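Visitor: I am new to this structure and would like to know how its labels are earned. Please take me through them one at a time.

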Amino acid sequence: MTESAHFTNLAFDPLLSVEWLAVLAGISLLVLIFGLWRRSRGISIRFLLLALVFALLANPYLVTESRDYLNDTVLVITDQSGSQKIGDRQSQTAAARLAVEERLRNFENLDVEFLEITNNPSGLDRQSEGTALFKARDDYLKSFPANGVAATILITDGQVHDAPAAEEASPDAGPVHVLLSGERDEIDRILFVETAPSFGIVGKSVTLGYKVVDHRPDNVASTVVVTVKLDGQVIRRIASRTGRSETFDLEIPHGGANHITLEVDPLDGELSEKNNLAVVTVNGVRDRLKVLLVSGEPHMGERSWRNILKSDPSVELVHFTILRPPEKQDGTPLKELSLIPFPIVELFEKKLEEFDLIVFDRYRRRGVLASRFLNNIVNYVEGGGALLEAAGPSFATPLSLYRTPLSVVLPGVPTGSVLEEPYLPEVSKTGHRHPVTASLEDRYQARNWGRWFRLIDSEVTGGDVLMTGPTDRPLLILHRQGEGRVAQLMSDHAWLWGRGFDGGGPQSELFRRIAHWLMKEPELEEENLTARPVGENLQITRQTLDLDDTEVEVTHPDGTKITVNLEETGKGQFQAVTPLAGRGLYELKTTGVNNMVAVGSLNPLEERDIRATENRLRPATTATDGGIHWISDGAMPDLRRTDPASSQSSDYWWGLRANNRFDVTGYSRTTLLPPYLGVLLLLSILAALWWREGR
């Protein structure tokens, strides 16, 4: 409150309703008109008498108010987002803010509120909403009455992403004036990603759409080269025409995050090269996994693998059990034989590559699979396929699968012995570091596991032994062969865990992890390097069986490289924490393993178009009768107080609405015609009228 004043007003408090006063006034008017027509004496005195009567009935009084006038508010919003750091925009913005502050200081009845808006200063937010000046303005003004705002002054480069349309901008909160930083007709090249899927099926192609746009005075289209990188590696270069939408297909090579980078060469004299690059993350997901399960003979645990694989909705299982080899001739009637013959050629030659995993459960050589089909399996594994051999007693005999071409890929060599004694399966030293078995003992209480009673003895020629049996003999072996993977379980008694014998054990979890490791689940990789943002830091995790290097090289989005030391946390994991350097794509590199991680929004609105512009804000200023002025054009328009009903801007001045709000601090009421005075006047007029009539 800056000013006090007194205000007096004439008011009426009639003793009769307005309708009755109107009726009496009409009758009195007719009587006076009739008296004038008859030229009656004392007509003027009668008029005074009636006027006094009506004055008494209207009961006039004076109201006097003491008012304290309230200050209006001017909100000055300064845009401090990322695009304001380009060129001279920051210095222009600082000078404009200082000039506005000095001019507003000359007005007595104004409160000035300053608000600075940054666009996600840490850069780590996954959202990409751009610069939201109007949202900040509306939130701030919720504590002010709409008719208490004189004006809003925005100091920005015009890259405001929540500017309302003309029909949405309300003039009730006063005019919106804009001071624009930057220069007119700035030059810039922008690479937009127009279409990009969030998910893609591993091994299938996805389509990405992009456009390169040049903003320059001549607006001539040109041919540019767009470089496409996948996880940091250049995979292709595409000739593209500026201003035209382009597409290309890309095969998703692996599950998890696939980081695709598109980059175009800079334009001479452009504002910034940040928007010459766009990054897309496509999460690779596997389609329904196809598993071929071949059981060599019926046994107590035959359905264990089948039940576990069938319980996974993402697995499509094909299961065959060899009950009767081709050479067997026992006179069984044809109607009692299987109606579906074992489709050997179909499965092991024509459609072998369609399977993600092949499982042999207690299979032995019985003349069903010829050597050429087994050679196909060897080629399938070395080319990237997965094979699991769950051994039975026959693995120690001449009928073993090891006595076939599969010996090339099997890491366990049978010794010919089968150990038939009770033992407790144990996780090996290597198994304590491998993701497949590292947490089994803790999560499933190894001290309560049940015993097994058979182990097919073998010598290991490759791979990693994760579980052992009696006298540390190999029980579970995982092995990488070429591009593929192989697992061997040297016992057929795992079903005892599933039945709960002797306390049971984690059969389902173990089988599930083995199958998913074989099918290259990223979370079960024994040599892995991952990272995730935690607050303002990047948490790096290194999973390894035999760490050779305790350092990780981290490349920041701006190209800066730092070295981070790892510390062991147990179970084959090493971790480190390093501060984040803002939003973008981080590259991690250590011995034998590389990875990338996206932090924050990779293609924020703030960096897609960084040219200074008045087009986004023009509808809002027009709807509120505000003005726009480029700081580079010179001195800003004058500021003046204006009436809310008048114009609020011109090319030379901007208005600050004077709302004339006030609080009533005092109130008094004075009757103009007290009753005793009215009666005295009536008697006086009646006496004058009697005297006039008596002459």
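**Labels and their cut-offs**

Guide: By the rule for salt bridges (a side-chain nitrogen of Lys or Arg within 4 Å of a carboxyl oxygen of Asp or Glu), the count comes to 32. This is a predicted model, in which local features need pLDDT of at least 70 and side-chain atom pairs count only at pLDDT 80 or more, while totals for chains, interfaces and linings use all residues. Residues are numbered from 1 along each chain as its sequence is written, and side-chain values use heavy atoms, with hydrogens and water left out.

Visitor: What makes glutamate 186 and arginine 89 a salt bridge?

Guide: Their closest N and O atoms are 2.7 Å apart, and the rule asks for within 4 Å. The pair therefore qualifies as a salt bridge. Side chains of opposite charge can pair when their charged atoms come close.

Visitor: Which parts of the chain does the pair tie together?

Guide: Glutamate 186 lies in the loop between strand S6 (176-180) and strand S7 (188-195), and arginine 89 in helix H3 (residues 89-104), so the bridge links parts that are 97 residues apart in sequence. Helices (H or I, at least four residues) and strands (E, at least two) are DSSP runs, numbered from the N terminus. Both glutamate 186 and arginine 89 are buried, a word that means under 20% relative accessible area; exposed means over 50%, and partly exposed is in between (1.4 Å probe, protein chains only).

Visitor: How do you know that glutamate 101 and arginine 97 are a salt bridge?

Guide: The closest N and O atoms of glutamate 101 and arginine 97 are 3.5 Å apart, which meets the 4 Å rule. Both residues lie in helix H3, four residues apart, about one turn of the helix.

Visitor: Why is glutamate 101 called partly exposed?

Guide: Its relative accessible area is 25%, a value in between the two limits, so partly exposed is the label. Arginine 97, with 24%, is partly exposed too.

Visitor: Why is glutamate 246 called buried?

Guide: Glutamate 246 has a relative accessible area of 15%, and buried means under 20%. Its side chain meets that of arginine 244 in a salt bridge (3.3 Å, N to O). Arginine 244 has 48% and is therefore partly exposed. Elsewhere, salt bridges that share partners join Arg362, Glu420, Arg454 and Asp492 into one network.

Visitor: Why does tryptophan 20 count as exposed?

Guide: Its relative accessibility is 56%, and exposed means over 50%. Tryptophan 20 lies in helix H1 (residues 18-38). Together with Leu15, Leu16, Val23, Leu24, Ile27 and Val31, Trp20 makes a nonpolar surface patch of about 660 Å². Patches are made of residues with over 30% relative accessible area and no salt bridge: like charges are joined within 9 Å, nonpolar side chains (Val, Leu, Ile, Met, Phe, Trp, Tyr) within 5 Å. Areas come from the Shrake-Rupley method with a 1.4 Å probe; for residues, only the protein chains shown count as cover.

Visitor: What makes a group of residues a nonpolar core?

Guide: The term is used for a set of buried Ala, Val, Leu, Ile, Met, Phe, Trp, Tyr and Cys residues joined through side-chain atoms within 4.5 Å. The largest nonpolar core has 37 residues, and those touching the most other members include Val291, Leu357, Leu388 and Ile514. Helix H10 (residues 507-518) gives this core its largest share, six residues. Another core, of 34 residues, lies apart from it, with Leu292, Phe320, Leu352 and Phe395 among them.

Visitor: How do you know that H10 is largely enclosed by the rest of the structure?

Guide: Ten of its twelve residues are buried, so that description follows. Among them are Leu510, Phe511, Ile514 and Trp517.

Visitor: Why is the span of H10 said to agree with expectation?

Guide: The expected span is 1.5 Å times one less than the number of residues. For the twelve residues of H10 this gives 16 Å, and the end C-alpha atoms are 17 Å apart, which agrees.

Visitor: What makes the phi of lysine 520 worth a remark?

Guide: Lysine 520 has a positive phi of about 65° although it is not a glycine. Most residues other than glycine have a negative phi. Lysine 520 is placed in the loop between H10 and S25, and at 29% relative accessibility it counts as partly exposed.
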